Amino acid sequence: MALVPARNGANAPPTRAADLAPDHLKTSTKGKVPTGYAQEIAISEQSFRTLHRDVQSQQSVGKKRKRETKGDSGVVYGAEAYKGPWARYEEQRIDSDEGEEIEVSADESGEEVVFEEDAIVPVPAKGTLAGTGYAAVSAEKETSVFEGSQQYDYQGRTYMHVPQDLDVDLTSDFESLNLKCYSPKKLIHTFQTPQGKNAHDRALTTLNFIPSSGHLLLSAAADGKVKLWDVYHDRELLRTYSGHTKSVVDTNFTPDGTKFLSASYDRQIKVWDTETGACLGRYSTGATPHVVRWHPDHTSGGEFLAGMHDNKIVQFDTRLASAPNKDGKERGKPVQEYDHHLGPINTITFTDANRRFLTTSDDKSLRAWEYNIPVPIKLISDPSMFALTASVAHPTKPAVLMQSADNTIKVYNTGEKIRINRKKEFRGHNCAGYAVQVGVSPDGGIVVSGDSAGWVCFWDWKTCKLWHKVRASERSAVVAVGWGLREGSRVVTGDLEGVIKYWD
C-alpha cells in the first residue's frame with residue numbers, strides 16, 4: 001500500500017501570492033490589463049522602497065553630475081561670488097511652482113543656463129531717538145536724582161548727618177546700648193515713592209541699612225535702580241541712583257557709609273557716592289557679578305571683592321588709576337584672583353578680624369581663604385550639601401549663618417577650625433529656588449529669614465526653635481530682610497512685587 005503525504009502543515013503546497021494579501025487590500029484590477037495578465041500581490045513599504053532604490057541606482061550608473069564653479073573668494077555677492085563646497089549641480093534646479101527637480105542637459109538644450117540671483121534687500125538703518133523724549137540707555141551714563149522734600153537742613157547738612165532729635169540713640173557704641181531684641185508683631189510703615197507707587201517696579205534683591213547709625217536704608221531691585229530711604233522722620237524716598245541697564249543683584253556700604261557698591265547683570269560694578277549720587281568708578285571683568293563686598297578694614301572704601309559668574313572671586317583696588325580698555329573706556333583691573341571654585345559664586349563673608357573670608361558657590365562647597373592669598377586654606381564639600389545662597393556673620397559669636405537650598409539655615413564656626421556646627425540648624429521655612437536674605441538681630445539672639453510663601457520667620461539662636469512667623473506678602477515670596485541696627489524689634493522686608501515694609 002502506497003503512502004500518500006498529507007496535504008497540510010510542512011507538506012502543504014506553497015501558498016499562492018493572491019492569498020498573501022489581506023482582504024482589505026484586494027481590489028478589482030485582478031485579471032487582464034492592457035499590458036497582459038496581472039496578478040495582485042501584497043508587498044510591504046520597506047520592501048518596495050528597497051527595490052525602488054535598486055532600480056534608481058542601476059539607472060544612475062555611469063552618470064556624473066556637474067557642479068557650478070566655486071567662485072572667487074574675494075567676491076561676496078553676484079554671479080562670481082564664492083560658493084565653495086556649497087556650489088549647486090548645474091544639471092538640476094528647483095521649479096519654484098511645483099517644488100520638483102528638473103534636469104537640464106547641456107547636450108539637448110545647446111546653451112548654458114544662467115540663473116539670476118535675487119536682489120539683496122538693504123539692511124534698514126537703525127532707528128534714532130530724534131524727535132522723542134527718550135534718552136539712550138547705556139551702562140556708561142549714570143544719573144542721580146534727589147527726591148526728598150528738603151535736601152539741606154537749616155545748618156546746611158544733608159541726609160548723611162545722623163539725626164539727634166530722636167528718642168533713639170544713633171551715635172553711641174553698640175556695647176553701651178545693651179539692646180534686648182524681640183521679634184516684631186505689626187506693620188508700622190510701607191515705603192512708597194512720591195507718586196504713591198511701590199518702592200520698586202520689580203522684585204527686590206537686597207536691603208541694607210547704613211552702617212553704625214542705621215538711619216538710612218538702601219534698596220536694590222530688578223528694575224536696575226538703587227534707592228535710598230529715610231528710616232526715621234517722614235520715611236520718604238531721598239535719592240534714586242540710575243546707571244545700570246539690567247537687574248541690580250547686590251549692594252554693599254563702606255564701613256563709614258559714604259560710598260556703596262552696586263553689581264548688576266549688565267556685567268558692571270559701580271562705586272557710588274551716597275551723598276551726591278556721583279559714580280566714582282566702574283569695574284568689570286566681562287563676567288556677571290553676583291556678590292560684592294568691601295574690605296571692612298578700609299573705612300572709606302579702598303579694596304573690595306566681587307564674586308563672579310565665571311567661578312572666580314576678583315579683588316579690586318579703587319585707589320589705583322583706572323586704565324582704558326580696548327574700547328577706550330576706563331575700567332578698573334583686578335589686582336588678585338581667587339579661582340578654585342567650580343561654579344558661580346554666591347556669597348562672600350569676612351571673618352576672623354577680617355583676615356579671612358568664606359565663599360560659597362553653586363558647586364555646593366564652602367571655601368575659606370586668607371586675604372590676598374589666592375589658595376584656599378579650607379574646603380568643605382559633602383555629597384549631602386546643597387548650594388548656600390546667602391550668608392551673614394553673627395554679630396557676637398565666631399560664626400556665619402548660611403541660607404541653604406534645602407530649606408534650612410546652616411551655621412559654620414569660624415576661627416582656627418572652620419567647620420559646620422551640626423548642633424545648630426534652623427528649619428521651618430521654604431526658600432528653595434530663591435536667594436533669600438538671612439539676618440541676625442544686633443544682640444545675636446534672634447535669626448530672621450524670608451520665605452517663598454510670603455512669611456517672615458524668626459528663630460531663637462540658642463534653641464533653634466521657630467518663635468514667630470509674620471505674613472509679609474500675600475502673593476509673592478519675601479526675598480530681602482534686614483534688622484534695624486539701633487532698635488531691638490525693627491525689621492524691614494522686601495518681596496518680589498517691589499514692596500518694602502517696616503515692622504515693629
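Here are some numbered notes on sheets, rings, cysteines and a nonpolar core in this predicted model.

1. Let's begin with a sheet. Five strands make an open sheet, and walking across it you meet them in the order β5-β10-β9-β8-β7. The pairing here is antiparallel. β5 (143-146) and β7 (204-209) are the edge strands; each has a single partner, so one side of each has no neighbour in the sheet. On average, neighbouring strands of this sheet are turned by 15° against each other, direction ignored.

2. Now zoom in on one edge of that sheet. β7 pairs with strand β8 (residues 216-221) in the antiparallel sense, over five bridges. If you want a spot to click on, try L207: its bridge partner in β8 is S219. As background, strands of a sheet pair through backbone hydrogen bonds, either parallel or antiparallel.

3. There is another open sheet to look at, with four strands in the order β15-β16-β17-β20 and antiparallel pairing. At its edges stand β15 (289-294) and β20 (336-338), each pairing on one side only. Neighbouring strands in this sheet are turned by 20° against each other on average, again ignoring direction.

4. Which strand does β15 join through five bridges? That is β16 (residues 303-308), and the two run antiparallel. Within this pairing, V292 stands opposite A306 in β16.

5. Next come the aromatic rings, where the count is 20 aromatic pairs. Take F260 and W272: their ring centres are 6.4 Å apart and their planes meet at 10°, so this pair is stacked. F260 belongs to strand β12 (residues 259-264) and W272 to strand β13 (residues 269-273), so the pair ties together parts 12 residues apart in sequence. Both F260 and W272 are buried.

6. Compare that with F350 and F357. Why does this pair count as tilted? The ring planes of F350 and F357 are at 55°, with centres 5.8 Å apart, and tilted covers the angles that are neither under 30 degrees (stacked) nor over 60 (edge-to-face). F350 and F357 are buried too. They also belong to a cluster: ring pairs link Y338, F350, F357, W369 and Y371.

7. Rings can have charged company as well. The charged end of K424 sits over the ring of W461, 4.7 Å from the ring centre. K469 does something similar with W455, lying over its face at 5.0 Å from the ring centre.

8. A quick word on cysteines: the disulfide count is zero. Are C181 and C279 buried or exposed, or something in between? C181 counts as buried because its relative accessibility is 4%, and buried means under 20%. C279 is partly exposed, with a relative accessible area of 25%.

9. Finally, have a look at the largest nonpolar core, which has 17 residues. Those with the most contacts inside this core are F191, L207, L217, W229, V492 and I500. Two elements, β7 and β35 (500-503), give two or more residues to it. The largest share, three residues, comes from β7, the edge strand from the five-stranded sheet. L207 turns up here as well as opposite S219 in β8. For context, nonpolar side chains tend to be buried together in soluble globular proteins.

Notes:
Residues are numbered from 1 along each chain as its sequence is written. This is a predicted model: local features need pLDDT of at least 70, side-chain atom pairs count only at pLDDT 80 or more; totals for chains, interfaces and linings use all residues. Side-chain values use heavy atoms; hydrogens and water are left out. A disulfide is a pair of cysteine sulfur atoms within 2.5 Å. Buried means under 20% relative accessible area, exposed over 50%, partly exposed in between (1.4 Å probe, protein chains only). Two strands pair if DSSP finds at least two bridges between them. Axes are lines fitted to C-alpha atoms, for helices over the stretch in contact, and angles run from 0 to 180 degrees between N-to-C directions. Rings of Phe, Tyr and Trp (its six-membered ring) pair if their centres lie within 6.5 Å; planes under 30 degrees apart count as stacked, over 60 as edge-to-face and the rest as tilted. A charge sits over a ring if NZ of Lys or CZ of Arg is within 6 Å of the ring centre and within 35 degrees of the ring normal. A nonpolar core is a set of buried Ala, Val, Leu, Ile, Met, Phe, Trp, Tyr and Cys residues joined through side-chain atoms within 4.5 Å.
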